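This briefing introduces one protein structure to a reader who has not met it before. Please view the sequence and the model together with the notes that follow.

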Amino acid sequence: MGLFEGLEGFKLTFGKLFDERVTTEYSGGRFDDEKREKAMRLHGRHVLNRYEDGMEKCIGCELCAGVCPANCIYVRGADNPIDDPVSPGERYGFVYEINYLRCIHCDLCVEACPTQAITETKMFEFSFTNRQDAIYTKDELVVGDDGMPQHLPWEDWRPGEDEHTSAWMRATSPSGAAEYVGKVAWSGELGYGVRAPEAGQTADLAETHGDVEFDRDGAHH
Ligand code: SF4
Ligand code: SF4
């Protein structure tokens, strides 16, 4: 490279110093205020949800593990004890682990889950000092008695990150009716507490999306 090209390069670099910055500082320290807002559908650390009565939603069906492209979920189902069932179903998730060294936060496990047992929070700032700690166990993933995600010591939760979990989506079967082909039913944020019932199967509900709320009769407003 000649002197001329070198000077041209320097001129370009120097000129960029005064351009408007498109990046923000990323730090846990003094630049905290500069963190960007997280997207509504950001996928972070998972939770295993419970119903309002405390029962676990997971039925140990292993669909999440089957669909996971990163092969990072390990589930073992077991029969519910008759006298003290863990979930409303016949079976429950006896062992449940997610390996966060592998997870790509694609949310496919959330979409596959038939009971909305697994959803993802907005918290993604967590780190580990050994590989074993990166494997979250069921005890760590299941929400507390208040229905909220547990805040584990090595996790950096910011306000609001535990209020919403995955904006959940299900690609519904058209059930033979042509009006529903290619339609996708959306819910809003889910994960704990009371959730609105799913959309019904009437034609006027086919155009639903996350902003629409449903009452118990399936009517939207
Ligand atoms: S978010 Fe994707 S990669 Fe992570 S556990 Fe779920 S299916 Fe697997
Ligand atoms: S989290 Fe959902 S998909 Fe996974 S085993 Fe439990 S019920 Fe099945």
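What percentage of the 221 residues of the protein chain count as buried? In this predicted model, 34% of the residues are buried, that is, under 20% relative accessible area (exposed is over 50%, partly exposed in between; 1.4 Å probe, protein chains only).

**Overall fold**
- The protein chain contains four helices and seven strands, taken as DSSP runs (H or I of at least four residues for helices, E of at least two for strands) numbered from the N terminus.
- Their order from the N terminus is α-β-α-β-β-α-β-β-α-β-β.
- Contact means heavy atoms within 4.5 Å; among contacts between residues at least 6 apart in sequence, 64% join residues at least 24 apart.

**Nonpolar core**
- The largest nonpolar core (buried Ala, Val, Leu, Ile, Met, Phe, Trp, Tyr and Cys residues joined through side-chain atoms within 4.5 Å) has 25 residues, and Cys-72, Ile-73, Tyr-96, Ile-98, Tyr-100, Ile-118 and Leu-141 touch the most other members.
- At least two residues of this core come from each of helix H2 (63-67), strand E2 (73-79), strand E3 (91-99) and helix H3 (108-112).
- Beyond its neighbours within four places in sequence, Cys-72 contacts Glu-97, Ile-98, Asn-99, Arg-102 and Cys-103.

**Helix H1**
- Phe-14 lies in helix H1 (residues 3-16).
- Phe-14 counts as partly exposed because its relative accessibility is 45%.

**Basis of the values**
- Residues are numbered from 1 along each chain as its sequence is written, and side-chain values use heavy atoms, without hydrogens and water.
- Local features need pLDDT of at least 70, side-chain atom pairs count only at pLDDT 80 or more, and totals for chains, interfaces and linings use all residues.

How values were computed
Chains lettered and ligands numbered in written order.
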